[in-house]
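Biologist: Could you walk me through this model before I go back to the bench? I'd like to start with the general picture and then pick at some details.

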Amino acid sequence: MISWERSINIKTPYEVGIMREAGRITAEALAATIALVKPGVTTGELNAAFEAVQKKYDVISPFKNYPGPYPYPASICTSVNDELVHGIPGDRVLKEGDIVSIDCGTIYEGFVGDMARTIAVGQVNKSTRRLMEVTDKALEIGISTMVPGNTIGDIGYAVQTYVEEQGFYITRTYTGHGVGRKMHEGPQVPNYGRPGRGMKLREGMTIALEPMVLAGTPETIVRDDQWTVVSADGSLTAHYENTIAITADGPQILTAL
Ligand code: MF3
Ligand code: CO
């Protein structure tokens, strides 16, 4: 989300192969980061763990210095509890019962992989677990619609319908996006929509689908740090994201954990 070139860039199978490697490295770095999540760890330590794996592969994150109110200062976003997206890693100590959404990416050979998962810190209560499960399932349901001939509206409709049936809310302010040589390309991919509306999906499109789900209201506000997006009512939020290639054989997830 945020801002991007509106151009839609169709990838060749060779380019999709490069993006698969970008996604694989991102997933490996995220897995190493998730392994550290426990009460007492700081979000800054999670950022450092992610960067350590990237260093091994001599790759960098597209998040670092991403243009915004000021250049984004870290390699990942760590958004805790009511923080929906774009939380900045730092001194915050995670505690038992928190949830942390880790959003991260890699530039490999000029192509971007982009993904996010919400992770429990120790034991979380049942309603928190349900929010996580619904958001994860919403991503899966959205992906299943990503076949050539379906539309952007079909994706959003599937995600929105499921999330709202489960009693949760979708932000209208932030969306998924095309991804490729740039982290944010066209098309914009809302997590809400109407069947049959919007652009048709075509083979070779690569899209980051990222349901952002709120427990109490769809409204969000941006904190004084100008990056962190929080739920307006302080309710819990979750965020799952994959980079997906649209192919004749169906959707291919390039960022499987
Ligand atoms: N990965 C996120 C997205 O899908 C957010 C990146 S924000 C950044 O748009 F500023 F950190 F880059
Ligand atoms: Co994204």
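Modeller: What follows goes from the whole chain to the metal site, two helices and a few unusual residues. This is a predicted model, in which local features need pLDDT of at least 70 and side-chain atom pairs count only at pLDDT 80 or more, while totals for chains, interfaces and linings use all residues. Residues are numbered from 1 along each chain as its sequence is written, chains are lettered from A and ligands numbered from 1 in the order in which they are written, and side-chain values use heavy atoms, with hydrogens and water left out.

Biologist: What is the average pLDDT of the chain?

Modeller: The chain averages a pLDDT of 97, and 98% of the residues score at least 70; pLDDT is the predictor's confidence in each residue, from 0 to 100. Over residues 1-5, however, the pLDDT is below 50, although this stretch has 25 contacts in the model beyond near neighbours in sequence, where contact means heavy atoms within 4.5 Å.

Biologist: And how many helices and strands are there?

Modeller: The chain has four helices and 14 strands, taken as DSSP runs numbered from the N terminus, with at least four residues of H or I for a helix and at least two of E for a strand.

Biologist: What radius of gyration does the chain have, against that of a compact globule?

Modeller: The radius of gyration is 17 Å, which agrees with the value near 18 Å for a compact globule of 257 residues; the radius is taken over C-alpha atoms, and the globule rule is 2.2 Å times the number of residues to the power 0.38. Along the principal axes, the C-alpha atoms fill a box of roughly 45 × 45 × 30 Å. Of the 257 residues, 56% count as buried, meaning under 20% relative accessible area, with exposed being over 50% and partly exposed in between (1.4 Å probe, protein chains only).

Biologist: Changing topic, which residues are the protein donors of the cobalt ion (ligand 2)?

Modeller: The donors are Asp114 (OD), His177 (NE2), Glu210 (OE) and Glu241 (OE), lying 2.0 to 2.3 Å from the cobalt ion. Donors are N, O and S atoms within 2.8 Å of the metal (3.2 Å for Na, K and Ca), and water is not among the atoms, so sites may look incomplete.

Biologist: What spacing do the donors follow along the chain?

Modeller: The spacing is D-x62-H-x32-E-x30-E. Asp114 in strand S4 (residues 111-120) and Glu241 in the loop between strand S12 (237-239) and strand S13 (242-247) are 127 residues apart, so the pair links distant parts of the chain. Both Asp114 and Glu241 are buried.

Biologist: Now helix H4: why call it largely enclosed?

Modeller: 10 of the 14 residues of H4 are buried, so the rest of the structure largely encloses this helix. Among the buried residues are Ile152, Ile155, Val159 and Tyr162, and what covers the buried residues of H4 includes helix H3 (126-144), strand S5 (169-170) and strand S7 (185-189). H4 (residues 152-165) reaches 20 Å from its first C-alpha to its last, close to the 20 Å expected at 1.5 Å a residue, the expected span being 1.5 Å times one less than the number of residues. After H4 comes Gly167, whose phi is positive, near 90 degrees.

Biologist: And in H3, is Thr135 buried or exposed?

Modeller: Thr135, which is found in helix H3, is buried with a relative accessible area of 0%. Leaving aside neighbours within four places in sequence, Thr135 is in contact with Pro211, Val213, Ala238, His239 and Tyr240. Other buried residues of H3 include Leu131, Met132 and Ala138.

Biologist: Last topic, the backbone: which residues does a cis peptide bond join?

Modeller: Gly186 and Pro187 are joined by a cis peptide bond, with omega about -5 degrees, and Pro187 lies in strand S7. Most residues other than glycine have a negative phi, and most peptide bonds are trans.

Biologist: What about His86 and its phi?

Modeller: His86 is not a glycine, yet has a positive phi of about 65 degrees; this residue is in the loop between strand S2 (83-85) and strand S3 (99-108) and counts as buried at 8% relative accessibility. Gln226 also has a positive phi, of about 70 degrees, without being a glycine, and is found in the loop between strand S10 (220-222) and strand S11 (229-231), where Gln226 is partly exposed with a relative accessible area of 47%.
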